[in-house]
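Thank you all for making the time this morning. I would like to take you through one structure, beginning with the overall chain and then going from site to site, so please have the sequence and the view open as I talk.

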Amino acid sequence: MIGTRLAPTISPDTQFFWDGLRDHTILIQQCSDCGTRRFPPRPMCFSCQSLKWETVTAAGTGTVHSFVMPQYPPLPFFEYPYIVALIDLDEGVRLVSNLTDVAPDDVHIGMPVTAYFTTFDTLDKEELVLHQFRPTAAAVGD
Ligand code: ZN
């Protein structure tokens, strides 16, 4: 385990997502009526207002949509450089995550990335599994 993170707020609507991360899977909501996928989790389909949904397991591959490197104020439990990125998953949803194993100068929009999972301690000493991303090229040895 490395680092410490603030515990996420887990609601009945998002429980499945955090449970999925614990199993090292990224689960995406998909409307059972029209098939529209959505993230972050919410009870109702924004496309057809259906309350029926199922999950699909993301392949864990996507591309960088945008990224920022927050530097101030430094948080003691983050490792720097700390890159926050919006990732477009191949399943068609966008999520916010961290980008690691890449120099900040080498990050670019559209860069292929692959998910992996890291277990953190929360401040309450619970285990928290989070999805992280790194360049796909690095994952296969360039
Ligand atoms: Zn729908």
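The secondary structure of this chain comes to 2 helices and 9 strands, and I should say at once that what you are looking at is a predicted model. If you read along the sequence, the elements follow one another in the pattern β-α-β-β-β-β-β-β-β-β-α. The chain has 142 residues, of which 38% count as buried.

Let me turn to the metal site. Which residues coordinate the zinc ion? The donors are the SG atoms of Cys 31, Cys 34, Cys 45 and Cys 48, and they sit at 2.3 to 2.4 Å from the zinc ion. In sequence, these donor residues are spaced C-x2-C-x10-C-x2-C. As for the geometry, the arrangement is tetrahedral because the 4 donor atoms subtend angles of 105 to 114° around the zinc ion, and the criterion asks that all angles lie between 85 and 135 degrees. The accessibility of two of these cysteines is worth setting out: Cys 45 has a relative accessibility of 1% and therefore counts as buried, whereas Cys 48, with a relative accessible area of 32%, is partly exposed.

The next topic is the aromatic residues. The structure holds 3 aromatic pairs. In one of them, Phe 17 and Trp 18, the ring centres are 5.6 Å apart and the planes stand at 80°, so this pair is edge-to-face, the cut-off for that class being over 60 degrees. Both Phe 17 and Trp 18 are buried, and together with Phe 39 they form one aromatic cluster. Elsewhere in the chain there is a charge over a ring, where Arg 134 lies over the face of Tyr 116, at 4.0 Å from the ring centre.

Phe 39 also brings us to the backbone, since a cis peptide bond joins Phe 39 and Pro 40, with omega at about 0°. Pro 40 is placed in the loop between strand 3, residues 37-38, and strand 4, residues 53-57. As background, most peptide bonds are trans, and most residues other than glycine have a negative phi. Where does His 24 lie, given its positive phi of about 60° although it is not a glycine? His 24 belongs to the loop between helix 1 and strand 2, which covers residues 27-31, and at 42% relative accessibility this histidine counts as partly exposed. Lys 125 likewise is not a glycine and has a positive phi, of about 65°. Lys 125 is found in the loop between strand 8, residues 112-122, and strand 9, and it counts as exposed because its relative accessibility is 67%.

Trp 18 comes back when we look at the largest pocket, which holds about 460 Å³ of space. There are 22 residues lining this pocket, and the closest to its centre are Pro 8, Trp 18, Val 96, Leu 130 and His 131. Which elements give two or more residues to that lining? They are helix 1 at 15-22, strand 7 at 94-99 and strand 9 at 127-135.

I will finish with three residues, each taken with a partner from another part of the sequence. Gln 15 is found in helix 1, and its relative accessibility of 33% means that it counts as partly exposed. The C-alpha atoms of Gln 15 and Pro 41 are separated by 9.2 Å, with their positions 26 residues apart along the chain. Leu 86 is found in strand 6, residues 83-89, and with 30% relative accessibility it counts as partly exposed. Between the C-alpha atoms of Leu 86 and Leu 99, which are 13 residues apart along the chain, the separation is 9.3 Å.

Is Val 113 buried or exposed? Val 113, whose place is in strand 8, counts as buried because its relative accessibility is 0%, the cut-off for buried being under 20%. Its C-alpha atom is separated by 5.4 Å from that of Gly 62, although the two residues are 51 residues apart along the chain. That is where I will stop, and I am happy to go back to any of these sites.

Note on methods. Residues numbered from 1 in each chain as written. Predicted model: local features only at pLDDT ≥ 70, side-chain atom pairs only at ≥ 80, totals over all residues. Heavy atoms only, no water. Donors = N, O, S within 2.8 Å, 3.2 Å for Na, K, Ca; no water. Tetrahedral: all angles 85-135°; square planar, octahedral: opposite > 155°, others 65-115°. Buried < 20%, exposed > 50% of the residue type's maximum accessible area, 1.4 Å probe, protein only. Phe/Tyr/Trp six-rings, centres within 6.5 Å; stacked < 30°, edge-to-face > 60°. Lys NZ or Arg CZ within 6 Å of the ring centre and 35° of its normal. 1 Å grid on protein atoms, 1.4 Å probe; cavity = no way out; pocket = protein on both sides within 12 Å on 5 of 7 lines; lining within 4 Å. Points joined across faces, edges and corners; volume = space filled by probe spheres on them. Helix = DSSP H or I, 4+ residues; strand = E, 2+ residues; numbered from the N terminus.
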